[in-house]
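Ready for some practice in reading a protein model? Take the exercises below one step at a time, and keep the picture open beside you.

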Amino acid sequence: MSKNPIHIIGGGLAGSEAAWQAAQAGVPVILHEMRPVRGTDAHKTDSLAELVCSNSFRSDDADNNAVGLLHAEMRLAGSLIMSAGDANQVPAGGALAVDRDGFADAVTKKLEAHPLITIRREEVPGLPPTDWDQAIVATGPLTAPGLAQSIAEATGADALAFFDAIAPIIHFDTIDMNTCWFQSRYDKVGPGGTGKDYINCPMDKDQYLAFVQALVDGQKTEFKQWEGTPYFDGCLPIEIMAERGVETLRYGPMKPMGLTNAHNPTVKAYAVVQLRQDNALGTLYNMVGFQTKLKHAEQVRIFRTIPGLENADFARLGGLHRNTYINSPTLLDASLQLKSRPGLRFAGQITGCEGYVESAAIGLLAGRFAAAERLGLAPSLPPLTTAFGALLNHITGGHIVSDDEPGKRSFQPMNVNFGLFPPVEAPKAEGKRMRGKDKTVAKRHAITSRARADCRHWLGLPAQPETAEAAE
């Protein structure tokens with residue numbers, strides 16, 4: 001059994017968590033962090049796990065929120081990021097927000113003090129050498145150019161993106177199918193298709209004109225100075241297309257040709273918004289061609305004016321920003337390992353997840369998987385019913401790759417959300433049929449209860465009553 005070190009490139013949240021998990025498993029780690037030898041446009045300090053944007057880890061409600069559930073699972077798994085966050089918490093209502101300097105300092109000191117962790121302040125200019133037989137790349141959205149170039153060369157020219165062009169994603173069960181209908185344009189049956197692969201939301205002329213004006217008038221976010229303005233015709237924001245002319249969208253992503261309203265076949269829609277299935281479970285649908293720089297509140301307000309989406313619940317809202325990430329579903333196996341090079345794993349935002357907590361969670365899994373292999377064991381994958389497993393499955397295989405839009409990357413980063421979990425039936429109240437919000441709450445409680453129990457079993461922890469788990 002080899003005890004050669006695991007090399008981890010990147011000392012952000014994912015790399016720090018990966019290092020901690022591997023070392024706690026008894027495996028030596030060398031953590032390579034380029035700051036302060038080489039800085040970035042976003043970082044201000046040389047601390048490990050520096051928070052470059054918000055200081056919030058979002059909701060800490062493990063019963064009703066998917067990221068809160070992920071918090072709970074990470075605590076069960078002995079997460080360094082969560083323990084440092086809990087120790088440096090600042091008031092934020094139901095969210096977990098932290099003192100950013102205290103948090104980063106706590107993570108840095110813990111890693112520096114660990115007897116099995118060596119921190120090297122140096123830039124790794126390319127992919128790890130082959131004699132680093134167990135290595136994790138966790139360099140995040142600001143990966144240094146040299147390393148990014150070597151990743152691109154090793155994985156293929158179209159396998160590495162430098163900007164997100166994100167369209168919103170909607171929970172299927174909040175779409176009004178009395179207004180919308182399933183149909184592919186001209187009933188075309190593509191690879192794996194049925195001719196009914198899209199959900200279609202029809203608009204008449206007045207609705208369309210009002211919608212275009214709302215896009216033009218809506219408040220937009222601005223690019224950070226160091227991001228530049230990476231517009232290119234393959235993924236123009238929907239509002240930029242609207243600004244190019246009132247008819248542009250009708251001849252672009254909202255063209256009505258080849259579609260017949262199943263609810264009203266004799267009336268031709270003036271424009272149609274199409275939604276495409278986004279995950280294998282069929283619980284999430286993305287808005288085709290709707291990448292956007294509209295502010296989040298504006299997206300919700302404007303997109304809910306689309307017929308059939310009046311009550312839409314968004315699993316993710318749109319955006320366009322600097323973010324280096326790989327096409328993980330095609331490149332990585334189920335244990336985050338590069339298929340073309342055993343022993344080399346990726347973790348954090350570079351794998352295609354969004355958010356501090358999600359990045360740290362993928363780092364946690366990568367660290368555990370690499371440590372298991374170093375100890376001569378097969379990596380133990382978390383159940384799909386857990387937040388760990390749901391997020392991992394989205395990154396490595398749960399996403400549906402689209403072939404009908406050449407030149408566009410269909411895999412996009414995402415936060416953890418309930419649409420990534422296998423469906424569960426809401427428990428029925430005796431003599432009462434639950435509806436609306438009561439049913440939604442009951443389903444979420446069923447998902448979170450199942451997840452915590454399955455996570456405990458995966459970690460080898462004793463089962464606990466639900467009341468005790470909810471208090472954790």
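Helices here are DSSP runs of H or I with at least four residues, numbered from the N terminus. Keep in mind that this is a predicted model.

**Exercise 1.** Find out where Leu 13 sits and whether Leu 13 is buried or exposed.

*Solution.*
Step 1: Locate the residue. Leu 13 belongs to helix α1, which covers residues 13-24.
Step 2: Recall the cut-off. A residue is called buried under 20% relative accessible area.
Step 3: Apply the cut-off. Leu 13 has a relative accessible area of 9%, so Leu 13 is buried.
Step 4: Look at the surroundings. Beyond the neighbours within four places in sequence, Leu 13 has contacts that include Phe 57, Ile 81 and Tyr 356.

**Exercise 2.** Do the job again for Ala 14: which class fits its accessibility?

*Solution.*
Step 1: Ala 14 is also part of helix α1.
Step 2: Its relative accessibility is 6%, and therefore Ala 14 counts as buried.
Step 3: Setting aside neighbours within four places in sequence, Ala 14 touches Ala 138, Ala 347, Gly 348, Ser 359, Ala 360 and Gly 363.
Step 4: Check the record. An unreviewed UniProt entry lists a "binding site" whose positions include Leu 13 and Ala 14.

**Exercise 3.** Which residues make the nonpolar surface patch of about 390 Å²?

*Solution.*
Step 1: The patch is made by Tyr 186, Tyr 251 and Met 257.
Step 2: Place one of them. Met 257 lies in the loop between α7 (238-243) and β12 (271-277).
Step 3: With a relative accessible area of 33%, Met 257 is partly exposed.

Definitions and conventions: Residues numbered from 1 in each chain as written. Predicted model: local features only at pLDDT ≥ 70, side-chain atom pairs only at ≥ 80, totals over all residues. Heavy atoms only, no water. UniProt positions renumbered as here; feature names shortened; annotations may be inferred. Helix = DSSP H or I, 4+ residues; strand = E, 2+ residues; numbered from the N terminus. Buried < 20%, exposed > 50% of the residue type's maximum accessible area, 1.4 Å probe, protein only. Contact = heavy atoms within 4.5 Å. Patch = residues over 30% accessible without salt bridge, like charges linked within 9 Å, V, L, I, M, F, W, Y side chains within 5 Å. Areas by Shrake-Rupley, 256 points an atom, 1.4 Å probe, with all protein chains shown as cover. Salt bridge = Lys/Arg side-chain N within 4 Å of Asp/Glu carboxyl O.
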